[in-house]
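Trainee: I would be grateful for a close look at one part of this structure, followed by an account of how that part sits within the whole.

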Amino acid sequence: MIDRIRRLPAYARWATYATIGILILTLVQELGQNQTSHLTATSTAQTALKWSIPILLAGLGGLFAERAGIINIGLEGMMILGTWFGAWGAFNYGPYWGIVIGAIGGAIGGLIHAIATVGFGVDHIISGVAINILGPFAARFLSSEVFTGYQGGSVTQSPRVENVDKFTMPFLAGGYETPNFLKWLGDKEIPLLSDIGNILRGILTQTSWATIIALLLVPISAYVLWKTRFGLRVRISGEDPWAGESQGVNIYRYKFVAVMISGAFAGFGGAFISIEMSSIYQEGGTTGRGFIGLAALIFGNWRPGGILAAALLFGYPYALQFGDFDGFASHALLLVNAIALFGVVIWALRNDKRTDAAIAFVLGSLSAVWYFVSDTVPDWWVKILPYVIVIVVLIFFAQRLRMPAANGQIYRRGQT
Amino acid sequence: MLRRIGLALAAPTAAVLFATIASSIFLVIAGSNPITAYGDMFEYGSRLEIQVDILNRATPLYISGVAAAIGFRMNLFNIGVEGQYRLAAIVAAYVGASVSLPAFFHIALILIVAMLVGGAYAGVAGVLKVSRGVNEVISTIMLNAIAISGLIAWLVREWQAGGTVDATGANLGIGTEPIDESGLIPNINSWLELFTREIGKGKELTGVLLVAVAVGVLYHIVLNRTRFGFDLRATGINPFAARAGGVNDKRMVLGAMVLSGVVAGLVGMAEIAKLGRFNPNFVGNLGFAGIAVALLGRNHPGGIAIGALLFAFLDTASGVLQVTGSASREIVFIMQGIILLAAVIAYEVVQRYRIREEARMASTLLAGEAEE
């Protein structure tokens, strides 16, 4: 059956995966006697999508840089620049310009990274670490110079900024006063179908235009990187720059542009955090999401669709911690984790990977035992869940992935 | 020889100079006078009491820098010093408060617990890397988040000292139980006063400074005088050649990671000695600052010391700017950032220049032989 799914065209394949995921959530809900309806609630889907966007944007940013062969650990720092510039732009020129200015702020970070790594040949990780240290420092300095002069601003935060307009899908989710089909479906309480309805309604209701633009960047990135001449040259810079050089491609230029695009995406992600999520610039507001974006890039196997899936997976537990004050839904998530891990056991055994199977079995059993002996989970577990999921996912998939062949190598023109 | 030293010093000097000029431009744009601002900072930094503060700040920075440098020497990026030292500090404070021993053993116990916890937590990332191929940059960052927002938040509550008022009625505040006097590393004011006048009241030079010096000396010895250090450097310079030379690379990764964590465990000790406990406001960001200091000092024990002193000077001396109002205090953040980035680039440029120079010298020598 797995092989048959794998042979489906991409859109059908992803839809199948999503349905399987929702099916597992539904089953767990039935087991948890509806104390856990939070798992597939409309509000959870809505929040999960929102929380996935910065991770997605950071991941796509990483995609451009690493497809061009430049490791971008500095995404976090560029994202921080994006949060500051985004809030500043939104406060002065409105939220749409805020996003543009945030992206420019991130691109400045990208430019610095490009100058260091491409121009001077500094080790990519060292330069990235330096940018991650520079980013918060620069934001702190800028705040002390600019935001302290504003009403309601301080060294650590900006005044409130407006959000981008929202969009609700007509007919499906009842936008523009049309019938709300998905709500009707969700209210029927049919297992699986109603849950799918609820989740889709969450995604299609009151969706910010910024979210829609970010989601559109997934196919756009795929198109640009794989279907255009520019994308081909970016990718040759990451796979074999010397081959590209022999064909007369100006590798430096493509690496420079790709890393700046990378910074702009991360900056957009940062601006999204300031404008859409917190409505304010806050120091430390990124909480490491640039790095989670990097993990999404790795788990997504350096492909746009994979990055989107990873971002949704990593964003989901964040969403769950809102509105789940009693810890029931997060508790139910333990069972979801256990089911997923047992799925990994089966997959590993089919591929004759005994160690993977053993590790997954132990982790899955622990998760299941924890689920059955307790009624709720402590709040600290809810907080660390996204990070734990990143590590567990990488434990099983880190070695199966293929990054661009010349990724991380220092390229100097005319030298091999 | 003189030329080599000159080249080695050229890069950091150029970086500091560049950062000073760049920061001056920012200051002028912000409407301040850079010369007064720098003058105020130097005047302030030349006082003995402030120098004690600078040393106190430089001590954990230095230890943190060495912790990061151990990994960097073999291209292993332990970004997790931040989580390692905080976790080590809270466990050490808890263990230290729950026993009473003679001073020497008490202090030794606290230090050893801190080193073990730091090493073990870093070891998780090491095991993930060698057994599952998980990139250590990602895993240490995730472990940071897990330690800080999860484990420590939980342990602080779990180990909260009973009640907020002790038997004598003094307010204990929030945090772990206080450690007995015997477990606190004493200050070494008297050592410093051998050379200087008496230190003003309320200023204490932390005894952890001696620990930092010991860490630096040991780092130098292990790196340059032991098999492990040789293997470490060899792996960093050329992992394939090192493996061909019989270096067990998996064991090296794990060893370097754990060692880095062991040193990271000591970062919080100055703060523990000062506070006598762990509380939620425990000083943060030393891990990231340590990475900056290690990069600035080129992972060299002496270089890291200079980097730590420089950053500590900027952190501490900038306090005066708030008082005199000659500039915004945050200018030092931008300075530190620019110094770091400029230094990283300058090292690379000098390195390339040196390689070219050596190649040219070699070729002229060879050409000279050919003529004879």
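Which residues of helix 9 of chain A meet which residues of helix 10 of chain A?

Mentor: The model is a predicted one, and the answer below should be read accordingly. On the helix 9 side of chain A, the residues are Val224(A), Leu225(A), Trp226(A) and Lys227(A); their partners in helix 10 of chain A are Phe230(A), Gly231(A), Val234(A) and Arg235(A). By character, the residues of this contact comprise five nonpolar, one polar and two charged.

The geometry of the pair comes next. Two packed helices are described by the angle between their axes and the distance between the axes. Helix 9 covers residues 209–227 of chain A and helix 10 covers residues 229–239 of chain A. The two pack at an angle of about 75°, and their axes are 5 Å apart. Because angles of 65 to 115 degrees count as roughly perpendicular, helix 9 and helix 10 of chain A are roughly perpendicular to each other.

The backbone leading towards this region also deserves attention. Gln206(A) lies in the loop between helix 8 (193–204) and strand 2 (207–208) of chain A. Most residues other than glycine have a negative phi. Gln206(A), however, is not a glycine and has a positive phi of about 50°. With 13 other C-beta atoms within 10 Å, Gln206(A) is partly exposed. Trp302(A) is likewise a residue other than glycine with a positive phi, here near 55°. Trp302(A) is found in the loop between helix 13 (289–299) and helix 14 (304–320) of chain A. Trp302(A) has 21 other C-beta atoms within 10 Å and is buried, whereas Gln206(A) is partly exposed.

These elements belong to a chain with 17 helices and two strands. The radius of gyration of chain A is 22 Å, close to the 22 Å that the globule rule gives for 416 residues, so chain A is as compact as a globular protein of that length. Its C-alpha atoms fill a box of roughly 65 × 60 × 40 Å along the principal axes, and buried residues make up 55% of the chain. Of the contacts in chain A between residues at least 6 apart in sequence, 75% join residues at least 24 apart.

Chain B, by comparison, has 16 helices and zero strands. Its radius of gyration is 23 Å, which agrees with the value near 21 Å for a compact globule of 372 residues. The C-alpha trace of chain B spans about 90 × 55 × 40 Å along its principal axes, and 48% of its residues are buried.

The two chains touch: 34 residues of chain B are in contact with 37 residues of chain A. On the chain B side, helix 5 (103–132), helix 6 (136–158), helix 13 (286–296) and helix 16 (331–371) each supply at least two residues. That side divides into 24 nonpolar, seven polar and three charged residues.

Finally, the nonpolar interior. In soluble globular proteins, nonpolar side chains tend to be buried together. Here the largest nonpolar core has 255 residues, and those with the most contacts inside it are Leu394(A), Leu340(B) and Val344(B). Leaving aside neighbours within four places in sequence, Leu394(A) is in contact with Ala295(A), Ile298(A) and Phe299(A) of chain A, as well as Val134(B) and Ile138(B) of chain B.

Key: Residues are numbered from 1 along each chain as its sequence is written. Chains are lettered from A and ligands numbered from 1 in the order in which they are written. This is a predicted model: local features need pLDDT of at least 70, side-chain atom pairs count only at pLDDT 80 or more; totals for chains, interfaces and linings use all residues. Helices (H or I, at least four residues) and strands (E, at least two) are DSSP runs, numbered from the N terminus. The radius of gyration is taken over C-alpha atoms; the globule rule is 2.2 Å times the number of residues to the power 0.38. A residue is buried if 20 or more other C-beta atoms lie within 10 Å of its own, exposed if 12 or fewer, and partly exposed in between; C-beta atoms are placed from the backbone. Two residues are in contact if their C-beta atoms, placed from the backbone, lie within 7 Å. Axes are lines fitted to C-alpha atoms, for helices over the stretch in contact, and angles run from 0 to 180 degrees between N-to-C directions. Angles under 35 degrees count as roughly parallel, over 145 as roughly antiparallel, 65 to 115 as roughly perpendicular and the rest as oblique. Ala, Val, Leu, Ile, Met, Phe, Trp, Tyr, Cys and Pro count as nonpolar, Asp, Glu, Lys and Arg as charged, and the others, Gly among them, as polar. A nonpolar core is a set of buried Ala, Val, Leu, Ile, Met, Phe, Trp, Tyr and Cys residues joined through C-beta atoms within 7 Å.
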